[in-house]
Amino acid sequence: RKDQPDALQGFAALAQGAAPRRLDLKNANTGETFNGPYRDRDGPIPAAMVDLAHFLRDHHVNKIGPVHIETLDFLADVMDAVGETHATVLSAYRTPETNRKLRERYFGVAEKSQHLLGKALDITFSGKGAKAEQAALTMQRGGVGWYPDSHFIHLDTGPVRHWEIDGGGIENFLVGAPPHRVLSHRELMRRYHAYARHEF
């Protein structure tokens, strides 16, 4: 609908009769929290979606973007699968300006990131990241990235793909984190392919 606020754009209609869902989240950057239902049997709860759009905004420039309920459901299902009741959000919606600055500063930030569309979340759990990665992979619902050195997982509802990258940058990604070790050809190719899948 044209009369809906921008914060509600991108919310997909859900089939009636779906079970109510809730999330318990903390934003690591702002300290803000969201704890409550975000949809009920009739679909997305408008007031909760507005709150979540603000909660998941690009805090660097304080701009609200779209939020996709499929992405929220993906996160909720992963949390349920590993028995996690709380998650901390490290990154959600990004403006093109913020994404460009992050690409200049950090390795592994995609130029056409799903964060730009409000379809991606970078999340950390209390020691269940590896299990969450495996649970998310079995669901085949989008992109799944695991950053073991930084202890966070990326979830998005874009194309199905997977990568695993440590936090040491492209050099450490390709040769191993310090102390450097010699990688086999197979391992080196695996890392190149993971990098290529993530970037492209």
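Here is a short conversation about how some features of this predicted model earn their names.

Me: Why is Asp156 called buried?
Reply: Asp156 has 0% relative accessibility, and buried means under 20%, so the label fits. This residue belongs to strand β7, residues 152–156.

Me: What makes the link between Asp156 and Arg161 a polar contact?
Reply: Their side chains come to 2.7 Å. The cut-off is a pair of N or O atoms within 3.5 Å, so this pair qualifies. The Asp156 side chain also reaches the backbone nitrogen of Gly143, at 2.9 Å. Leaving aside neighbours within four places in sequence, the contacts of Asp156 include Phe74, Gln114, Lys119 and Trp163.

Me: How do you know that β7 is mostly covered?
Reply: Happily, the count is easy to follow: 5 of its 5 residues are buried. Phe152, His154 and Asp156 lie on one side, with Ile153 and Leu155 on the other, and all are buried.

Me: What makes β5 and β7 a strand pair?
Reply: Pairing takes at least two bridges, and β5 (residues 120–124) and β7 have 4, in the antiparallel sense, so they count as paired. One of the matches is Ala120 with its bridge partner Asp156. Strand β6 (residues 143–147) also pairs with β7 in the antiparallel sense, over 4 bridges.

Me: What is found in the hairpin of β6 and β7?
Reply: There are 4 residues between the strands, and His151 takes a positive phi near 60 degrees. Tyr147 stands opposite Phe152 in β7.

Me: Why is the aromatic pair of Tyr147 and Phe152 called stacked?
Reply: The ring centres are 4.4 Å apart, and a pair needs centres within 6.5 Å, so the two rings pair. Their planes are 10 degrees apart; stacked means under 30 degrees, so that name applies. The structure holds 1 aromatic pair, and both of its residues, Tyr147 and Phe152, are buried.

Me: Why are β3 and β8 said to stand at the edges of the sheet?
Reply: The open sheet of 8 strands has the order β3-β2-β1-β4-β5-β7-β6-β8, with mixed pairing. β3 (43–44) and β8 (161–164) each have a single partner strand, so one side of each is left without a neighbour in the sheet.

Me: Which helices pack across these strands, and at what angles?
Reply: Helix α2 lies across β1 (21–27), β2, β3, β4, β5, β6 and β7, running at about 90 degrees to β1. Helix α4 (residues 129–139) touches β6, β7 and β8, and its direction makes about 165 degrees with that of β6.

Me: Which residues touch the most other members of the largest nonpolar core?
Reply: Leu23, Tyr38 and Leu75 do, out of 32 residues. Helix α2 (residues 69–81) gives the largest share of this core, 7 residues. Leaving aside neighbours within four places in sequence, Leu23 is in contact with residues including Phe34, Tyr38, Leu72, Leu75 and Met79. In soluble globular proteins, nonpolar side chains tend to be buried together.

Me: Why does Arg39 count as buried?
Reply: Arg39 has 8% relative accessibility, and the cut-off is under 20%, so Arg39 is buried. This arginine is in strand β2 (residues 33–40). Its side chain joins that of Asp73 in a polar contact of 3.3 Å, a value within the 3.5 Å limit.

Note on methods. Residues are numbered from 1 along each chain as its sequence is written. This is a predicted model: local features need pLDDT of at least 70, side-chain atom pairs count only at pLDDT 80 or more; totals for chains, interfaces and linings use all residues. Side-chain values use heavy atoms; hydrogens and water are left out. Helices (H or I, at least four residues) and strands (E, at least two) are DSSP runs, numbered from the N terminus. Buried means under 20% relative accessible area, exposed over 50%, partly exposed in between (1.4 Å probe, protein chains only). A polar contact is a pair of N or O atoms within 3.5 Å; within protein, one must be able to donate a hydrogen and the other to accept it, and residues adjacent in sequence count only if both atoms are side-chain atoms. Rings of Phe, Tyr and Trp (its six-membered ring) pair if their centres lie within 6.5 Å; planes under 30 degrees apart count as stacked, over 60 as edge-to-face and the rest as tilted. A nonpolar core is a set of buried Ala, Val, Leu, Ile, Met, Phe, Trp, Tyr and Cys residues joined through side-chain atoms within 4.5 Å. Contact means heavy atoms within 4.5 Å. Axes are lines fitted to C-alpha atoms, for helices over the stretch in contact, and angles run from 0 to 180 degrees between N-to-C directions.
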